[in-house]
Amino acid sequence: MQAVVCHGPMDYRLEEVPVPKPGPGEALVKVEAVGICASDLKAYHGAAKFWGDENRPAWAETEVIPGHEFTGTIVSLDDEAAKRWNVAVGDRVVSEQIVPCWECRYCQRGDYHMCAPHDLYGFKRRTPGAMASYMIFPAEALVYKISKDLPPAHAAFTEPLSCALHAVERANIRFDDVVVVAGCGPIGLGMIAGAVAKFPANVIALDMADSKLELAKLCGADLTINIGREDPVQIIKDLTDGYGADVYLEGTGHPSAVPQGLNLLRKLGTYVEYSVFKDNVTVDWSIISDDKELDVLGAHLGPHCWPAAIRMLESGKLPMDKICTHQLPLSKFQEGLDLVADGTKSVKVSLIPE
């Protein structure tokens with residue numbers, strides 16, 4: 001089969017590899033679509049989070065097929081796997097991006113998304129990803145059925161949407177909150193949709209692209225601000241009698257979005273960081289402590305949010321045709337990476353195995 005194989009930063013190759021064979025309790029899945037995530041791009045470019053630096057060892061491994069946001073059809077599985085996941089041959093499925101060990105202290109406590117070994121599809125040799133014609137769902141995986149009525153690229157969007165919904169849950173949004181979402185890419189648009197579902201007083205979207213701000217409105221944003229032309233801090237303070245926003249959700253991955261959020265939040269506000277950063281970020285931590293006593297929270301993956309993400313996609317409420325802007329054959333993976341890197345010509349880019 002055709003597969004993209006990671007040999008290290010800036011060295012991804014389209015190769016012919018054997019079709020994998022499922023073991024006991026596993027499933028063989030024919031991949032229908034796989035999205036290119038910003039983290040895929042940052043791994044490709046050699047970000048220290050993945051390949052290590054003087055402060056941390058490498059986490060990603062070479063000789064691995066990338067791709068962790070995907071959908072596919074079950075080709076074969078045994079009775080054990082069928083019973084565990086309540087699925088059958090021919091079902092369209094998605095699988096959570098992490099394959100937990102179910103043995104470490106985090107898994108034992110239900111926090112499986114922080115699993116100590118932390119084997120994600122597409123980054124570890126134990127869990128090859130979906131940039132291929134076929135892939136294996138290991139026995140430890142979390143698997144869900146999803147409607148065949150959705151276009152494949154839309155179904156593959158379950159992964160980024162679940163991540164966005166987890167960030168929203170971390171924020172503990174209240175009905176009278178003013179919520180600000182930074183970035184109207186795939187994660188930010190999902191954050192907007194999730195925040196709107198919490199029914200706060202206002203959901204405000206920030207971006208530098210008018211086209212993405214229009215998408216934010218379609219996802220439910222009450223107000224959009226082009227930060228290239230307007231000062232979001234002043235606008236939001238004017239809207240809130242000088243106090244500032246209650247909640248800030250960061251989904252851009254750009255270092256400048258961090259101090260922006262700290263500055264536009266009110267005292268005792270909540271900051272939720274979701275993005276993966278290519279470079280280190282420096283801020284004045286006294287804003288967090290002495291100035292405002294902020295709650296600063298991280299968010300990682302989409303634990304316990306996949307069923308909600310599937311329901312949201314199947315409801316037809318999101319403008320998925322406008323979010324899933326590009327579907328390319330697997331052989332054009334480099335073009336897909338370049339589109340994501342450009343940032344101005346696409347929203348969600350997906351690869352479709354031939």
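**Exercise 1. The chain as a whole**

How many helices and how many strands are there in the chain? Describe the overall size and burial too.

Solution.
Step 1. This is a predicted model, in which local features need pLDDT of at least 70 and side-chain atom pairs count only at pLDDT 80 or more, while totals for chains, interfaces and linings use all residues. Residues are numbered from 1 along each chain as its sequence is written, and side-chain values use heavy atoms, with hydrogens and water left out.
Step 2. The chain has 14 helices and 15 strands. Helices (H or I, at least four residues) and strands (E, at least two) are DSSP runs, numbered from the N terminus.
Step 3. For 354 residues, a compact globule would have a radius of gyration near 20 Å, and the value for the chain, 20 Å, agrees. This radius is taken over C-alpha atoms, and the globule rule is 2.2 Å times the number of residues to the power 0.38.
Step 4. Along the principal axes, the C-alpha atoms fill a box of roughly 60 × 45 × 40 Å.
Step 5. Of the 354 residues, 55% are buried. Buried means under 20% relative accessible area, exposed over 50%, and partly exposed in between (1.4 Å probe, protein chains only).
Step 6. Take the contacts between residues at least 6 apart in sequence: 68% of them join residues at least 24 apart. A contact means heavy atoms within 4.5 Å.

**Exercise 2. Strand E8 and its partners**

Which strands pair with E8, and in which sense?

Solution.
Step 1. All 5 of the 5 residues of E8 are buried, so this strand is largely enclosed by the rest of the structure.
Step 2. Val 178, Val 180 and Ala 182 point one way from E8, and Val 179 and Val 181 point the other way. In a regular strand the side chains alternate between the two faces of the sheet.
Step 3. E8 pairs with E9 in the parallel sense over 5 bridges; two strands pair if DSSP finds at least two bridges between them. Val 180 of E8 stands opposite Ile 204 in E9.
Step 4. E8 also pairs with E11 in the parallel sense, over 4 bridges. In E11, Leu 249 is the bridge partner of Val 181, and Glu 250 is that of Ala 182.
Step 5. E8, helix H7 (residues 186-197) and E9 form a right-handed β-α-β unit. Right-handed means that, with the strands pointing away from the viewer, the path from the first strand over the helix to the second runs clockwise.

**Exercise 3. From E11 to E12**

Through which helix does the chain cross from E11 to E12?

Solution.
Step 1. E11 and E12 pair in the parallel sense over 5 bridges, and Ala 245 stands opposite Leu 265 in E12.
Step 2. The chain crosses from E11 through H10 to E12, in a right-handed β-α-β crossover.
Step 3. In helix H10 (residues 257-264), 6 of the 8 residues are buried, so H10 is largely enclosed by the rest of the structure. The buried residues are Ala 257, Val 258, Gln 260, Gly 261, Leu 262 and Leu 264.
Step 4. The elements that these buried residues pack against include strand E9 (202-207), helix H9 (232-239) and helix H11 (287-291).

**Exercise 4. Two buried residues**

Are Arg 92 and Tyr 44 buried or exposed? Name their surroundings.

Solution.
Step 1. Arg 92, in strand E5 (residues 92-95), has a relative accessible area of 5%, so this residue is buried.
Step 2. The Arg 92 side chain makes a polar contact with the side chain of Glu 32 (2.8 Å). A polar contact is a pair of N or O atoms within 3.5 Å; within protein, one must be able to donate a hydrogen and the other to accept it, and residues adjacent in sequence count only if both atoms are side-chain atoms.
Step 3. The side chain of Arg 92 also reaches the backbone oxygen of Ser 147, at 3.0 Å.
Step 4. Tyr 44 lies in helix H1 (residues 38-44) and counts as buried, because its relative accessibility is 7%.
Step 5. Tyr 44 and Tyr 12 are 32 residues apart along the chain, with 7.6 Å between their C-alpha atoms. Residues touched by Tyr 44 include Pro 9, Tyr 12 and Leu 337.

Notes. Lists of a residue's contacts leave out its neighbours within four places in sequence.
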